[in-house]
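Biologist: I have just opened this model and would like to walk through it with you. Could we start with one residue and work outwards?

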Amino acid sequence: MESNEQQHTTRPTMRALIQRTHRGPNDLVLATDHPRPTPGPGEYLIRVGAAGVNFADVMQTRGTYGGGPQPPYAAGFEAVGEIVGIGPDVGGPLRLGDHVVGAGPGAFAEYMTMPAAGVVPVPAGWTDAEAIGLVLNWATALAALKPLGGIERGEVVLVHAAGGGVGQAAVRLARHYGARVIATASPDKHDTVRALGADEVLDRRRPDLAAEIARMTGGVDLVLESVGQATFEVGLSVAKPFTGRIVVFGAASGDAVLSTHDLIFDHQVQVKGLHIGALAVAAPSLYESLLGELDALIAQGVYLPGAPHIHPLAEGPEVLRHLEAGRTRGKFVLDPWR
């Protein structure tokens, strides 16, 4: 296995997508001679097999992602690949040649580093592309529904942006846990979302969205909010007073504002924020329990191998432009070796 590691890492440079400014995906360019990273203490060097594309990547290109990197930087942060190098102070059972899924800087590249503490082995028999989303999309959806959302059988769950990577996972999981699912998505994604088990699918742009949801449900127990400004008021309006929960993990349409006056006099609901990376650091035991439950869901056949849309690395800027414009459906990945 040592010779395998040397074979992969002798070339000092690599192909990578570099974000040059904060002016959006148009300033994301392919470099063919970017320095290959070296694993530091507590890190693995990964030969990237598939890099996940997320709306957070779009936000980083615009400089609107909290704590995001400053340009120029190697873009991307979610990936699956083979361990080809191990930095100092790394323990545990994983070895060179194992395939893992995790997060780290510079995923839109042939090689990247990942903190060893956050990686998860690729499920047996799955390809790299099939495992993308395990520690991001599915873990986020699960955290929003269970430990933060407190989902119970028979409750009503509203899932915004249900056609995206987290949204699709949330619909499937909510149905698995016995909830009635009301989903919003653009009309061209309605059939996809219905096929995942949503009881009702609505266009989030319809002007009477809140009234229609209230008419259909009489009040929602749990709202999964990732759109932000365009739908946040809807969630506040339809969540049941006092017992209704809203879990916020995205703001694709921009930030929404909620005041103490709103919470006291207008919308007496429970609002919780979620960032899966911050959760993994701040509450590691909770994160470990999420990963354990995901393992069980895989074993039960609830979480099946993914079928993402795979694009060559050079098409990354175009994929991000489509994602920003809301013209994508499901999960997209980049293959650095194409």
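Biologist: What's the relative accessible area of Arg-175?

Modeller: Arg-175 has a relative accessible area of 36%, so it counts as partly exposed, where buried means under 20%, exposed over 50% and partly exposed in between, with a 1.4 Å probe and protein chains only. This is a predicted model, in which local features need pLDDT of at least 70 and side-chain atom pairs count only at pLDDT 80 or more, while totals for chains, interfaces and linings use all residues. Residues are numbered from 1 along each chain as its sequence is written, and side-chain values use heavy atoms, leaving out hydrogens and water.

Biologist: And which residue does Arg-175 form a salt bridge with?

Modeller: The partner of Arg-175 is Asp-199, with the closest N and O atoms 3.6 Å apart; a salt bridge here is a side-chain nitrogen of Lys or Arg within 4 Å of a carboxyl oxygen of Asp or Glu. Because Arg-175 lies in helix α5 and Asp-199 in the loop between α6 and β11 (200-202), the pair ties together parts that are 24 residues apart in sequence. Helices (H or I, at least four residues) and strands (E, at least two) are DSSP runs, numbered from the N terminus. Asp-199 is also partly exposed, at 35%.

Biologist: How many salt bridges does the count come to?

Modeller: The count comes to 12. Another of them joins the side chains of Asp-191 and Arg-194 at 3.4 Å, N to O, and these two, being 3 residues apart in helix α6, are separated by about one helical turn. Asp-191 is exposed at 59% relative accessible area, whereas Arg-194 is partly exposed at 44%.

Biologist: Which residues are linked in a network of salt bridges?

Modeller: Arg-20, Arg-23 and Asp-27 are linked in that way. Within this network, Arg-20 and Asp-27 have their closest N and O atoms 3.3 Å apart; Arg-20 is partly exposed at 46% relative accessibility, but Asp-27 is buried at 12%.

Biologist: Back to helix α6, then: is His-190 buried or exposed?

Modeller: His-190, which is found in helix α6 (residues 190-195), is buried, with a relative accessible area of 11%. Apart from residues up to four places away in sequence, His-190 is in contact with Ala-185, Val-201, Leu-202 and Asp-203, contact meaning heavy atoms within 4.5 Å. The C-alpha atoms of His-190 and Val-201 are separated by 6.1 Å, although the two residues are 11 residues apart along the chain.

Biologist: Changing topic, which residues of α11 are buried?

Modeller: Tyr-287, Leu-290, Leu-291, Leu-294, Leu-297 and Ile-298 are buried in α11. Seen down the axis of α11, they fall within an arc of 115°, so they line one face of the helix; the arc is that of the directions from the helix axis to the C-beta atoms.

Biologist: What do those buried residues of α11 pack against, and what is exposed on the other side?

Modeller: The buried residues of α11 pack against β8 (120-121), α4 (134-145), α5 (165-176) and α10 (276-282), while Ser-285, Ala-299 and Gln-300 are exposed on the other side of α11. Just after α11, Gly-301 takes a positive phi of about 80°.

Biologist: One last buried residue: which ones does Gln-60 touch?

Modeller: Gln-60 lies in helix α2 (residues 55-62) and is buried at 10% relative accessible area. Leaving aside neighbours within four places in sequence, Gln-60 is in contact with His-22, Tyr-65, Pro-69, Tyr-73 and Phe-77.
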